[in-house]
Amino acid sequence: QAGKRLCRSLEWEAACRGPEGRRHSYGDTLTPGRCYTEGARSFDDRDLKPIGGFPDCTTPGGVRDLDGGVSEWVEEAHPGPAFPQDEGPAERPTHVLRGGTMWTARYGQDCLSRHWHSVGHRQEDDGFRCCSDPIP
């Protein structure tokens with residue numbers, strides 16, 4: 001999108017947590033099925049859903065679907081290994097993804113969730129969200 005960019009990790013987290021510091025985009029208590037997370041799909045349902053498909057998965061400020069759905073690429077690089085379970089220095093540059101996923105995932109499904117992949121590596125549950133700077 002013209003005039004937009006990948007969100008920075010801190011912007012993504014601030015949108016999800018809000019000034020209250022929520023654990024989930026919609027509040028502090030996990031509500032299974034409220035967002036497109038593991039509990040909201042059948043085992044065979046591997047389809048991505050459009051933004052807004054879970055209207056209750058919305059921040060008080062109106063940002064939708066930050067929990068679940070797809071993990072979202074953010075601007076920052078990660079200095080460590082390509083995957084959280086790897087050890088040692090990265091062989092290739094890596095980038096951070098924020099948010100959860102529709103799959104069962106050990107990296108969580110809340111506003112603090114993050115993991116990383118090597119640049120060029122993409123999973124079917126990876127996506128992105130654009131941010132823009134305020135108009136002066």
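Here are four short exercises on this predicted model, each with a worked solution.

Some ground rules before you start: residues are numbered from 1 along each chain as its sequence is written, and side-chain values use heavy atoms, with hydrogens and water left out. Since the model is predicted, local features need pLDDT of at least 70 and side-chain atom pairs count only at pLDDT 80 or more, while totals for chains, interfaces and linings use all residues.

**Exercise 1. Lay out the open sheet of four strands and say which strands stand at its edges.**

Step 1: get the terms straight. Strands (E, at least two residues) and helices (H or I, at least four) are DSSP runs, numbered from the N terminus. Two strands pair if DSSP finds at least two bridges between them.

Step 2: go through the pairs. Strand β3 (residues 94-98) and β4 run antiparallel and are joined by five bridges; T94 stands opposite S118 there. β2 and β3 are antiparallel too, over four bridges, and H78 has T94 as its bridge partner in β3. Strand β2 (residues 71-78) and β5 run parallel, with three bridges. Here S71 is matched with D126, and W73 with F128.

Step 3: put it together. The order is β4-β3-β2-β5, with mixed pairing. β4 and β5 each have a single partner strand, so they stand at the edges and one side of each lacks a neighbour in the sheet. On average, neighbouring strands are turned by 50° against each other, direction ignored.

Step 4: add the helix. Helix α1 (residues 9-17) packs on this sheet and touches β2, β3 and β4, its direction making about 140° with that of β2. For such angles, axes are lines fitted to C-alpha atoms (for helices, over the stretch in contact), and the values run from 0 to 180 degrees between N-to-C directions.

**Exercise 2. Is D126 buried or exposed, and what does it touch?**

Step 1: set the cut-offs. Buried means under 20% relative accessible area and exposed over 50%, with partly exposed in between (1.4 Å probe, protein chains only).

Step 2: apply them. D126 sits in strand β5 and has a relative accessible area of 2%, so D126 is buried.

Step 3: list the contacts (heavy atoms within 4.5 Å). Neighbours within four places in sequence aside, D126 meets V70, S71, W73, L97, H115, H117 and H121.

Step 4: look at strand β4 (residues 114-118) as well. Four of its five residues are buried, so the strand is largely enclosed by the rest of the structure.

**Exercise 3. Work out what surrounds R129.**

Step 1: place it. R129 is in the loop between β5 (126-128) and β6 (130-131).

Step 2: check the sequence distance. R129 and E72 are 57 residues apart in sequence, yet 6.5 Å apart in space, C-alpha to C-alpha. E72 is also among the residues R129 touches, including W12, I51 and L66, once residues up to four places away in sequence are left out.

Step 3: find the polar atoms. The R129 side chain reaches the backbone oxygen of R64 at 3.0 Å, and one of its polar atoms lies 3.3 Å from the backbone oxygen of D65.

**Exercise 4. What is the phi of D65, and where is the residue found?**

Step 1: D65 is in the loop between α1 and β2. At 10% relative accessibility, D65 counts as buried.

Step 2: its phi is positive, about 60°, although D65 is not a glycine. Most residues other than glycine have a negative phi.

Definitions and conventions:
A polar contact is a pair of N or O atoms within 3.5 Å; within protein, one must be able to donate a hydrogen and the other to accept it, and residues adjacent in sequence count only if both atoms are side-chain atoms.
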